Structures are given as structure tokens and as C-alpha cells.
Amino acid sequence: MVAAAEGPPEFVRDIQPLLVQHCYPCHAGEAAESGLRLDIKSEAFRGGDGHGPAIVPGEPMASPLVRFARGDEPGFEMPPLEAEVPSLNDAERALLTAWVAAGADWPDGVDTATLVDRRDHWAFRRVSRPAVPVVSESDWPRGPIDAFILARLEASGLSPSPEADRRTWIRRVTLDLTGLPPTIEEVQAFVADAADGAHERVVDRLLASPRYGERYAQHWLDTVRYADTHGYEVNTERANAWPYRDWVIAALNADLSYDRFVREQLVGDAYGLDEATGFLVTAAVLLPGQIGADDASKRLARQEALSDIIINVSDTFLGLSVGCARCHDHKFDPVSQRDYYTLQAFLSGVRYEERPFFSPAAEEARERVQELTPRVEALAKELAAIEEAAKGNEAPAEPPPRVAELEAEKQRLTQQINAETARTMVFAGSFHEPDVVRLLHRGDPEQPGEELLPRSLSAFDQQLTPVALSSNASEQTRRLALADWITHPAHPLTSRVIVNRIWQWHFGTGLVESASDFGRNGTLPSHPELLDWLADWFVADGWSLKRLHREIVLSATYRQASEPVSQAAVASDADCRLLWRFPPRRLEAEAIRDSMLAVSGRLNLEMGGRGFDLFGSRGGLSGFPPIETFGPEGRRRMIYAHKIRMEKESVFGAFDCPDAGQTLARRRRSTTPIQALNLFNSPFTIDEAHAFADRVTADVAAVTAESDSEGNHDRSEQLVRRAFEVALTRLPDEEEQAAAEGVVHEHGLAMLCRVLLNTNEFLFLP
Amino acid sequence: MNRSLSFAGMQLLDRRGFLGQTASGLGGVALASLLAEERLLAAEPIRPQVDPATPHAPRPPHFAAKAKNVLVIFCAGAVSQLETWDWKPELVKWDGKPLPGGPEVTFQGPAGNLARPQYAFRPRGQTGKMVSDLIPHLAELTDRCAFVHSLTSRTNTHGPAENFLSTGSAFDGFPSLGAWVTYALGSENQDLPAFVSILDPRGVPQASSNNWGPGFLPAEFQGTTLSASEPVRHLTVAGGVTPAADEAAQRLLKHLNERHLAEHPSDGALAARIASYELAARMQLSMPEVGSLADETPFTLTAYGAEDPNPTKAAFARNCILARRLIERGVRFVQLFNGAYASGGELNWDGHHKLKEQYDRHAMILDQPVAALIRDLEQRGLLDETLVVWCTEFGRMPFFQKGALGRDHNPDGFTCWMTGAGVRQGVSHGATDELGVKAVDNVLSLYDFNATILHLLGLDHTRLSYLHNGFERRLTDVHGHVIREILA
């Protein structure tokens, strides 16, 4: 390989083999280290991150390729020892040097790879509505969704599963849409409803229930990593973040059109909806005083806070991971470092801080503070006067009763004022004069480059009219312009990303598995035509999430049984990507806790407001001692809990509760012995098992009091039947009945209730 | 990128073999053919194959491992290198003088004058390594240790810096070292958690559960927290349930779940949940045994200081014994905390204002128990297969803070060390400048330190990865080089 021939080195004969051996292990193909590819001529000459052109023809000593290979540059000796790739020997170094000195002649057409246009990617193309496919089993589809699913199954030689029985479907759709199990009465009514449209009536009832918004808001809050503490260093309480959580729930319940839903989160302040902009500041952040006193630390903290906003916007709405372009051009997607900072320029006026809240409720609170304040002042005066009068008096052993009364009233009113004052503040986007944005070398605020102005991502200039603003564009104008661009009906990502998220929340897996990454490193859609059909239909239909849910849960695809009946399908598609059955899955932590409370009869359905406590502390450093037993406030739905960032609830946290550290596209579903210990042994479970038993006993007593005047004989048979009905919405079979009665006889009904709350059947979306 | 597999398939449920090859690397011929296909990654990721029913089953490393298990001794609050392992005689001469060209303001405020090491240093062992009198017991072990004096962190703030040390990212939400290791290797003992974090008796460290969190890895790889005084939560049933009732409940649950499984055959998640209750039952038996120090000899208890009149030291010493008991039973990754959260330096090593006064107290708690632990591991032959790591999130400045008797945060040059399996003994690698302002010789990052830990466990840090939000995430991000100079 090193046999030097006559004349100057020749690229294909002398240089390329050397690059293949020593450089390509790290600097070829997509994962080019430090952005440098040496397998493509144009890329090699362009160079990698931060070193300029790798090859300067005629000037070997100015060419990083040569200098690094010769070991002239401390810290950049190539190949690094670490790579376990042989170093160049002296002859090879001489060859490389000579080739560059002679002009670095790299003929065209000899590269081992070609550069692909990264903009040419399925998800970046405009959405168009594909034709609904024709299928053989033509009486199976109930609508276009089913036709697309069936066409793909037929093409793979598979067929759909039979329809699930009505009990299973209503349990599935109720858990799915509300996060709570149906009652046995709801199941019985539906099973008995022989009239047309029974399924539709169930779905309409569920979508109209406020429980729907609570359920789907949890999915959304996962995505945007919402929490009620600041995270990081001291994880202090973020006391007034919850108006954003309540806004999400209300927006979903009201079926706010999705484009509007996006817009309000970016620029809700323009519509009198400050709390919606809580979206911008969901990330963990270092507050003033938690950052180093030196300026460099402050600049770094500010840049990181801004990066988190960019990540939230791009991951959540666009399904595009832009965050890495802060430091270097995106390795896979057509997002340059420049693009990153032009995007940041739309948002560089956003700050994380509690600020006055302008909403009707906040105005009312302000008025009440104004009403109450003079009364407290008057009380203070009166008390002072009494004290003054008492001074001259020699022997007032006890204060007159009037003082205690006044003190109590003053204290009560002061507390009320404090509570009302808290309602006048919100932790949501706080808007200031935009920071000047500069391209930062390697993302480092200490290495600023040229100033950049707000501009939409350049990769989409073909599909959408670019949005570009001047430096004097006001802060709100910038966010409005960004919202316009993201919610443009022709945006290729916005609609695809949300219909895919909704699909994922119904089926457990999206048509695109990487729900927050539609880029070139994400997964390809399992059903690309269906995804586009849904995206196009969704926008044309007015961006209604509820109508999208309805379309999905009423489909034949969603109605399939979940038992894996077809061995052929199990063998060829175990992950059920083609949806030859409904894929069952374990419920999420919140749905488990809420369902346990629903079954025990103690679920407190109070909505909204300040979160209830799962820990003995609402934020700070000294740890989070878990609360183990709860009163009515603690039996609200778990979405109303005060969410501590990075701290998992002591029983349900182990069920893959997200920690709100990073945006989360999709929950994991792990299975651990710690989960088993928590769910089987915790005081919460034992308490609810007892409440569940009491409820069952009362239910049975109420029925038997009517039908059975003798009373007082053994009711374990009815108790077991009722417990199964309540928890599993079905009756036990004979064997189960016998086994359960045995436990009830020996150890009491609560033991059976504890077991039922731990069964797979209770914990799985069937 | 291997796109032919699903996420779930790639990450958890797939039962195919490892995607990548093991250590052999890619030969020249194979390389060329791969290049022809234009499929080459610099390092093809290796995503461990995890059976959901037995997520902690032992899994093979990428190449022959030097260490089977890891014990990380984590000193929270940033231990001053200048009062412990990094001897700076020049600093004595400069005592009380300003640092020429030094910063006016550091993390917490204005900088004061240079201050001499607050403890005397003397040569130790065969190597004559200079170590301070602050830690006399640990100082006796220096012949066994490999010191890295030139470490740097990306941040000078405790929380993010603990994140960076434990997860390779200053941000919240990334998997901890212990989670990565148990994700890669599982554990030798199926009756105990694979990854245990033992909390300091004074409280939780600054970044709290980030230090043992799973980040975006599956929850089964999270560290289980306990200490000698606080056992695993919910290990026994609440509320006066009799053992007979408990057993009957377990039997009935198994019965109901198995009938349900019969109707849903080949559903791995259902089977895994049944198995998880069996694992839990085994933990109920094994955890009290490992947590009880009743069978420790008086000699051992005394050697560790477990009966010291200082209750914090005694409690920490008991944690040290617990750490040994866990390692002895094959727990893969044990994290032992010394020090809690920032508290004006009262509860951890954050000596901003009264460094000497506070370090006198903190060192008393750390020194004897940890030295006894390492000796005990050695005597039981466990050091041959256990890597012991002593670390702290950053170092401290050579000058005092203005108007104070303590040092501010210094992420630019600090010391950590390792000993045990695969570690070169009695070596000191890298150096800070003569005053200890920053690393100047063989400057290294914590990425390198973490890469080295993985290497000793037989793992290639560039290939151990998990696909998350479109990124092939690694403990070392896109950085890190194994510090070969400290390998045996």
C-alpha cells in the first residue's frame, strides 16, 4: 500500500486506500465524527466542525487532514489511540503530505459514497391525500382507516382478528379515553343496547366527559415534560405553574382546534390566555441565585434555558430534533447550526419567571385582595388601640376576649389575602425585549459569532413560504410569526406529528414509532398512506381532536380482539405493527392509581387548582418524604398532584412515571419486582382494598336487603361476585369463585380486593 | 442505523442476538465491503438484548471484562483536591497573596487571596505519594490506587455537575452510570436489585435521584435506594395483614393471573408481571438478610467504626458494611454516598466559608469506614473482581472567597481515583498547575473517566447505546477516551 510510485501521489492508487484504512472508521458514512466525511470529495474539502477546510491544496501545513495525521496538533492526533485504528506510518504520512503539496488532486467520480439531499425525506414532503385502497375482504372496513390497515395486512398474507366482545371493547375504550374503568352498569347498559349506534353513543358520552380532558392532558404533559418544581440544583417549588395544566385539560375538553391549541401555547398572551404560554417554560431551569455569580455562568444558564424552549417547540410540534444543532450542524437532518439560531431568535425574549397573571379569575382575585386589605388594616388599628389603652393599666392578667376574636379574624383574612394574591401570579412565559442572538461556536456562549435574525427553518422553504423578520420585530410579533408558520395547513410536519401522537395514545405505538422524531434518524411509518390520509383529513375537517378520536376508536381496527389467535401473525409480526389484533398494554401509573380509587369508590373528582401533595415537601433540597396515606384531597386524579421533577412517587412512580427531565415521546412499560412490592404491599393499596371491600359489602347489603328478608347468612358468594364485577366488569367463573371464596372465608374480603387490584386483568387495557 | 428492526424490537423485546460484533473490531477487508454498502457507522451500536421477564439476567460484556462489579464512593459537595490528594507545596509560599491574573468573581462571589493547604501533607507507602493528614486511613491505601489529578467538569454548579458526573449530561433526565451498567450487563444475583444506591445518613445528594435514575432507559434499571437504617420500601405488607393472609393472597393472585395468561398466550408482558411477583417474593426473603449486620463480627464492626460514638460516622460505617455485603452477593453496581445536599457545607463537602472546621468533621465520617471497606474487600478477595471508584463532582479554588475561610467551586482541575479490578496500582496521572488553578497536564473530562469505568467492565463506551428521541444516546455523548495510563 505504501509502495511509492514515480511522480506525485495519485488519489485513487495512493491516497484513497490510506483514507479507507485510517480515516473511514470514523469519518465516512452518516455518523461522520465531528461532522467530517472523507468519503465524499466536497465534504472533505468543506471540512468538519470548527477546523475549517480539512484540505488546503498546495498547503499541507495549513491542512488539518495532514497536520492531524502527522500528530502536529496536540489533542487532535489522528487517528486517536482510542479508535483502535492503526496510525499512519512515516511513509504514509509522507505520501499524504506530498499529495496535498502537489495540489490535492481528487478526481470526480471516484468517491465511495454520494451525498444525499437531506431535504429529500418522506416527512418533509407536503401531505397529499392518497386514494383509499381497494381490499378483498370488502365487508370488514368501517371506514378509510380500516381499508388502509386491511390492505397492508392482506399484502402481508395476514387477516384481522375477530371483533372483541362488547364488554372488552367498552372496557378498552373507557380506559383509553378517560383513564378510568367503566362501571358494571355502563357495561350492562351497552351490552343490552341492541339499537343501531350503540358504540357511537358510548364514544360520544366518553368524549363529552371531563374525564377525557384529564386523561389526554396527561399524555400531553408527558410530551412537554410539565412539572411543578424548577428541577436542577435545588428543585424548588414552581408554585403557580398549574394554570397551564388546567388550561390543557380545559382546551382538550372544549375540543379546541389543534392549530389554535398550538398557537395559544406559543402566543396565548395575544389572546388573553397567559396560562397557555406555560408551555414555553415547562423545562427545568436554574433560577437567579442558583447560577454562578460570574458572567460566563449566567450566559451559559441563559443559553441552556433558551435551548430547552427550542427543544420543546421542535420536538413537540414538529417532531424534529433541532436541539443538537445548537452545537453543530444536525448529523442526519437538514438543520444547520444557523437554522438553530434563527429559530432561537423567534423565542429569545422568553424568560422563566413568575409574573402577574391576567385572566378573569386573576382579576377577581385582585379585586378580593383590594376588598379585604382595608378590613385587615382596620383590624390592625383596632388591636393597636386596645394595646395602647392597656398600657396604662396595671393588672390586665388576660387580654379581653375581644382581642382574641379580632386576632383570629385578622389571621383568617390575612391567609385569605395570601391565597388570593397567589392566584394573581402565574408561572408562564414572561416576555421581554428579545436577546440578540448570535451563532455560537460549538454552542458555547463564550464563542459568539455573527448575529442572526428570526427565520423559519430553511429546509422547508420549498413547501412553505419562509418567514423572516427584521431585528426590530417586537417580541410578540416574533412568536406570532412562528405560530403562523408552524400551524400553516400545508406544514408537512405539524399535522402528521399530531395525528401520529393520537394514534400512538390509542394503540400504544404510533404509525411512526419515534413520535417526536420524524427526521431521517426516526423510524419509517408502518402505514405511510394512512398517516397522510389522516393528516390531510384532520386538517380539512378543522383540526378537531375529538373527531379524530371518534374516527379511530369506532374503526374495525380498534374493535378487534386482543387475543393473539393467529400463530402466523405472532410469528411474522410479534410487535403487532400491522395491527392484526388490538395490542393490549399495561396501564400507566396515573391510570392505575385513578382506577384503584374509582373501584374503591373513593375517587375525588374535584377538578383544577393547586396540586395535592404526594410528598411531605413541595420543593427544595431536603428530600421528598413520601406521603403514604391520604385523605379526600389526596384521592383526586393523579394529574392534579403537585408534580415534583426528578422525584418518583413512592408507589406508582415505579410504573414508568416520567420524571419531567426530558421531553418524552412515549412512555416505557417496564415490569419490575419493585412495582410488585409497591402495588401489593403499600399502605395505599391496603387502604383502598379495605375501602373497596366496604363498598362491595354495602352494595351487596343494599341488594340483599331488598330481596332477602332473612338476612345475616353467609354472603361471600355475592361479595365475590360483586367484587369481580366492580374491579373487572365481569363475573368470576366457577373456579375463580371457589378460590376467591376460600380467601374471603379465611382472611376477609379486603384480601380478595387487594388481589383484584393487582391482577393483570385489572391493570391492562384489554 | 439498523432500521429493519422496530424500536421495541431493538431495545427490549427482541430475542435476536446482539446486533453488533464483540471486541474484535472491523478488519480491513470487512471494512471495505461495508463501505461499499455505505452502511458503516464509526461504531455500530450495541443494544443489549433484554428479556422483559428477566431484565436483570446476566448479559455478556463487549469484550473480556477486568471487573465484574462496581462500587462508586460518591463524595457530594465537591471535595477540595488541595486538602486531600493534590499536593501543592507552592501554595504554601503564596499563602495570603492574590493570584496574579486570577478571576475577580467566581461561582459564589468575589475571590480572596490564595490560601495554603489547610492540612499537612506527608509521603505515603511505597510510592511516597503525598497525601494530607485530613484522611490518614485512606492515605495508607495510596499504593493500591490510580489517581487522576487532571479532571474537568462542564459546569461549576453542584446539581448539573452531579448530573454530569453520574449521567454524562449536565441536564436533568439522562440515565445514570449504574443504569447504563445494569442495562448492559444485568446482574449476577436475581434475588437482589442489580443496582443499589446507599444514601448518606445526613440526607440525599444535591442532584438526588438523578444520580441513580434510569433517565430514558426502562425503569428496571433504576437504582434501588436503601441504607443500613432504611430498608427497601414496601418490602413487607402494610396494615396488619397476617403472614397466612399474605400467602393466601399471593397464591390467589398467581392463580388468577395464570388463568388470564392462558387466555392470552404468548403475551410476554403478562408473563413478565407474574414473574415480577415471584422476584419480589424472593427479594422479601433476601433483602432482610443482606441488610442485617447481626452476623458481622465485633472485629469488623470496630474496624469500620460502626460503633463509633459519633452517630453519623457509625451510620455511615454501617452503610459501608452494607455496601460490602451487597458486592459480596453479586450486586452489579453499588453507589455509596458520603455527604448530602448543599447546606453551607454543613452536610457535605461544600466548604465555602469554614472549610477546615467543616472538613475536620466530614473527614472523620469518611476516612476510617471507607478505608476499612476497601481493606475488607481486599481481604475477602473481592477487590480482584470489583472496581472501586472514588469521585466528587468538581474541585475547589486555590484561593479563599473574599472575607471567608473556604474555597469556591472549581470545575477546571480536580482529583478522583480508582482501585481494584483492572486498575494500575500506585499511579498518579495528569496534573494541575503548581497552584492548582486548573488542569494543565493530560487534561481529562469526566467523559473520559466514565469511559474508563465502562472499559474496565468490558464495555465499549462508543457502542453501548440506546435510541431515544432520534439520537443514539451514550453515557459519554459523542466524547470520551479510555484513560489507558491507569489501566493495569
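Here are some notes on this predicted model of a complex, arranged as numbered points.

1. **Confidence first.** The predictor assigns the complex an ipTM of 0.85 and a pTM of 0.82. For chain B, the average pLDDT is 88, and 91% of the residues reach at least 70. The stretch to treat with care is residues 1–42 of chain B, where pLDDT stays under 50. The model still has 67 contacts beyond four places in sequence for that stretch. As a reminder, predicted coordinates should not be read in detail where pLDDT is low.

2. **Overall form of chain B.** This chain holds 12 helices and 19 strands. Along the principal axes, its C-alpha atoms fill a box of roughly 80 × 65 × 40 Å. The radius of gyration of chain B is 24 Å, which agrees with the value near 23 Å for a compact globule of 488 residues. Of those 488 residues, 59% count as buried. If you look at contacts in chain B between residues at least 6 apart in sequence, 76% of them join residues at least 24 apart.

3. **Domains.** In chain B, the domain assignment gives domain 1 as 69–228 + 296–486 and domain 2 as 243–282. The C-alpha centres of these two domains of chain B lie 42 Å apart. Chain A is assigned domain 1 (11–101), domain 2 (144–213 + 498–583), domain 3 (257–356 + 431–486), domain 4 (360–423) and domain 5 (683–765). Between the centres of domain 2 of chain A and domain 4 of chain A, taken over C-alpha atoms, the separation is 59 Å.

4. **The contact between the chains.** Chain A brings 84 residues to the contact and chain B brings 81. On the chain B side, the elements that give two or more residues are α1 (7–13), α2 (28–37), β2 (105–106), α5 (158–167), α7 (243–263) and α8 (268–291) of chain B. The most comes from α7(B), with 11 residues. Sorted by class, the side of chain B that touches chain A has 40 nonpolar, 32 polar and 9 charged residues. When weighing this list, please keep in mind that residues 1–42 of chain B have pLDDT under 50.

5. **A four-strand sheet in chain B.** One of the elements at the contact, β2(B), also belongs to an open sheet of 4 strands in the order β2-β3-β11-β12 (chain B), with antiparallel pairing. The edges are held by β2 and β12 (407–410) of chain B, each with a single partner strand, so one side of each is left without a neighbour in the sheet. Strands β2(B) and β3(B) make a hairpin with 2 residues between them. Their antiparallel pairing runs over 2 bridges, and β3 covers residues 109–114 of chain B. Here Thr106(B) stands opposite Gly109(B) in β3(B). Further along the sheet, β3(B) is joined by 2 bridges to β11 (residues 395–401) of chain B, again antiparallel. In that pair, Ala111(B) faces Gln401(B) in β11(B).

6. **Backbone geometry worth a look.** Most residues other than glycine have a negative phi, and most peptide bonds are trans. Against that background, Ala78(B) has a positive phi near 80 degrees. Ala78(B) sits in the loop between β1 (69–75) and α3 (89–94) of chain B, and it is buried because it has 31 C-beta neighbours inside 10 Å, where 20 or more are needed. In chain A, Met646(A) has a positive phi near 65 degrees. Met646(A) lies in the loop between α23 (589–600) and α24 (673–681) of chain A, and is buried, with 23 other C-beta atoms within 10 Å. The peptide bond from Met78(A) to Pro79(A) is cis, with omega near -10 degrees. Pro79(A) is placed in the loop between α4 (64–70) and α5 (90–101) of chain A.

7. **A loop residue in chain A.** Is Leu731(A) buried, exposed or partly exposed? With 13 C-beta neighbours inside 10 Å, Leu731(A) counts as partly exposed. Leu731(A) is found in the loop between α26 (716–728) and α27 (734–747) of chain A. Leaving aside residues up to four places away in sequence, Leu731(A) touches Arg721(A), Phe724(A) and Glu725(A). The C-alpha atoms of Leu731(A) and Arg721(A) are 5.7 Å apart, with their positions 10 residues apart in sequence numbering.

Conventions: Residues numbered from 1 in each chain as written. Chains lettered and ligands numbered in written order. Predicted model: local features only at pLDDT ≥ 70, side-chain atom pairs only at ≥ 80, totals over all residues. Contact = placed C-beta atoms within 7 Å. Nonpolar A, V, L, I, M, F, W, Y, C, P; charged D, E, K, R; others polar. Rg over C-alpha atoms; globule rule 2.2 N^0.38 Å. Buried ≥ 20, exposed ≤ 12 C-beta atoms within 10 Å, placed from the backbone. Domains from an automatic or database assignment. pLDDT = per-residue confidence, 0-100. Pairing = 2+ DSSP bridges.
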